[in-house]
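I opened this notebook to record what I looked up in one structure. The entries follow the order in which I consulted it.

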Amino acid sequence: MTEISALIVDDDDGDRALLRRFLAKSDYAVRVTEAATVEEALGVQDPDIRAIFLDNVLPGETGLESVSHFRQIWPKAGIFFMTGQGDEELAKSAIQFGATDYAPKSTLSQNAISRMLKNGVAQALAEWRLDEQRRDLATFTEVLVHDFQAPIRAAAYLSEQIEEDIEDGDMAEAMEGLRMLRKSAGQMQDMLRSLSDHVRLDRDDAEAEACVGDLLDRALTALGREIEDSGAVVQVSLEDPAHRIICRPPQIAQVLQNLVANAIKYSGDAPPDIRIAAFVDDAAHLVMTVSDKGLGVPEEYRSGIFEPFKRVPGHNGVSGTGLGLATCRKLIARHGGTIWCTSDPKARTVIGFRIPDRSRPV
């Protein structure tokens, strides 16, 4: 039986109890969280909620006023809007604000709730994926229109220069031009690879059980050459390397690879000093962190670095596309998790992620 998280937002104890009974008899194994107000609901710390049953008449902010807030926090969730009395205009407004479905409380039944869950959860997830694909298309277009222009112009110019040098018999200059041309081609190749990693995440790798230690080994093995060439020192502290977690192993390994590669890239003049840690927290989430003593990230840029093409000012001398951390955030979100950055100029920069430590696929 598929397991999902649901949030009931209703200040009526009896209505919440009725919904709990309906959800318990649905085709899903539903983990239910309850809240009596919008403020209380917005404080819920479950990033993987897939169904929200939202009453309209609530103390303080109404359900209708809060639909957009819930949609921002839980973009994958089906939001099922409920009122004590049927109201077509209210229903239309709720759908326009982002609700998935609408039902008067008087019509709620076991069959109605089961139908809403079956159709609404799938619909909300499909809409989220479609929105994500639209954003990816915009990202792809932006790279093609803007970022590719410079290396393409450089390649065209270098080709002309090489042709002139060969005609003049200046082979030394021609060889230098070829070296620069290869560098420009490498930049375009790196950009395409990063872009491909970012926009092709609509593919769904199968969930599987994997050891935390094996996931990290996969990432470090892929970076073996970079670690050796940079002289990086990598210290690993895993609470339990044999701990097994249900995830999409290639994607979590890619996140770790990107984070370690960033720590190497932004190490500054000193050899990279990297520490990797992992543990399971009290809320049954796997937490992994990668820290370094490199260039650091000023506080005002720590959330923005996870957006596509957002790079920290002053780091422009370091090669990169600005998509690595955006890809990490995207992959962690696919696992129902969160990613963050902390940085202390006198200590270490830490980038960590937290994903549900599920015992079986969902």
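**Entry 1: Arg 31 and its partner**

I began with the accessibility of Arg 31: at 36% relative accessibility, Arg 31 counts as partly exposed, since the partly exposed class lies between 20% and 50%. I note here that the model is a predicted one. I then looked up the partner of Arg 31 and found that its side chain forms a salt bridge with that of Glu 3, with N and O 1.9 Å apart. Arg 31 belongs to strand β2 and Glu 3 to strand β1, so this pair ties together parts that are 28 residues apart in sequence.

**Entry 2: The chain as a whole**

I next consulted the totals. The chain has 362 residues, of which 45% count as buried. Its secondary structure comprises 11 helices and 12 strands. I also looked up the contacts with a separation of 6 or more: 69% of them join residues 24 or more positions apart. The chain exposes about 18,600 Å², and carbon and sulfur atoms supply 51% of that area.

**Entry 3: The parallel sheet**

I returned to the strands of the first entry and asked in what order the strands of their sheet stand. The sheet is open, has five strands in the order β2-β1-β3-β4-β5, and is paired in parallel. Strands β2 (29–35) and β5 (101–104) each have a single partner strand, so one side of each is left without a neighbour in the sheet. From one strand to the next, the twist averages 20 degrees.

I then examined one pairing. Strand β1 (residues 3–9) runs parallel to β2 and is joined to it by seven bridges. Val 9 has Ala 35 of β2 as its bridge partner. Helix α1 (residues 13–24) packs on this sheet and touches β1, β2, β3 (49–55) and β4 (78–83). The direction of α1 makes about 170 degrees with that of β2.

**Entry 4: The mixed sheet**

I looked up another open sheet of five strands, with the order β7-β9-β10-β12-β11 and mixed pairing. Its edge strands are β7 (233–238) and β11, each pairing on one side only. The twist here averages 15 degrees from one strand to the next. Strands β9 and β10 run antiparallel and are joined by seven bridges. Within this sheet, Ile 276 stands opposite Val 290 of β10. Helix α8 lies across β7, β9 and β10, and runs at about 165 degrees to β7.

**Entry 5: Leu 220**

I chose one residue of helix α8, namely Leu 220. Is Leu 220 buried or exposed? Its relative accessibility is 18%, so Leu 220 counts as buried, the limit being under 20%. Leaving aside residues up to four places away in sequence, I listed what Leu 220 touches: Ile 227, Val 234, Val 236, Val 260 and Ile 276. I also recorded that the C-alpha atoms of Leu 220 and Ala 261 are separated by 9.3 Å, although the two residues are 41 apart along the chain.

**Entry 6: The nonpolar cores**

I asked which residues touch the most other members of the largest nonpolar core. This core has 37 residues, and the answer is Ile 252, Leu 256, Leu 259, Val 260, Ile 274, Met 288 and Phe 353. Several elements give two or more residues to this core, including α8 (212–222), α10 (249–265), β9 (273–280) and β10 (285–292). The largest share, seven residues, comes from α10. Leu 256 touches Leu 215, Leu 216, Ala 219, Met 288 and Phe 353, again not counting residues up to four places away in sequence. Apart from this core lies another of 22 residues, among them Ala 35, Ala 41, Leu 58 and Leu 90.

**Entry 7: Further salt bridges**

I closed by returning to charged pairs, of which the whole structure holds 17 salt bridges. Glu 176 forms one with Arg 179, the closest N and O atoms being 2.7 Å apart. The two residues are three apart in helix α7 (residues 171–199), so about one helical turn separates them. Arg 248 and Glu 207 meet in another salt bridge, at 3.9 Å from N to O. Arg 248 lies in the loop between β8 and α10, and Glu 207 in the loop between α7 and β6 (208–211), so the pair ties together parts that are 41 residues apart in sequence. At 13% relative accessibility, Arg 248 counts as buried. Finally, I noted that Asp 10, Asp 15, Asp 55 and Lys 105 are joined into one network by salt bridges that share partners.

Notes: Residues are numbered from 1 along each chain as its sequence is written. This is a predicted model: local features need pLDDT of at least 70, side-chain atom pairs count only at pLDDT 80 or more; totals for chains, interfaces and linings use all residues. Side-chain values use heavy atoms; hydrogens and water are left out. Two strands pair if DSSP finds at least two bridges between them. Helices (H or I, at least four residues) and strands (E, at least two) are DSSP runs, numbered from the N terminus. Axes are lines fitted to C-alpha atoms, for helices over the stretch in contact, and angles run from 0 to 180 degrees between N-to-C directions. Contact means heavy atoms within 4.5 Å. A nonpolar core is a set of buried Ala, Val, Leu, Ile, Met, Phe, Trp, Tyr and Cys residues joined through side-chain atoms within 4.5 Å. Buried means under 20% relative accessible area, exposed over 50%, partly exposed in between (1.4 Å probe, protein chains only). Accessible areas come from the Shrake-Rupley method with a 1.4 Å probe; for residues, only the protein chains shown count as cover. A salt bridge is a side-chain nitrogen of Lys or Arg within 4 Å of a carboxyl oxygen of Asp or Glu.
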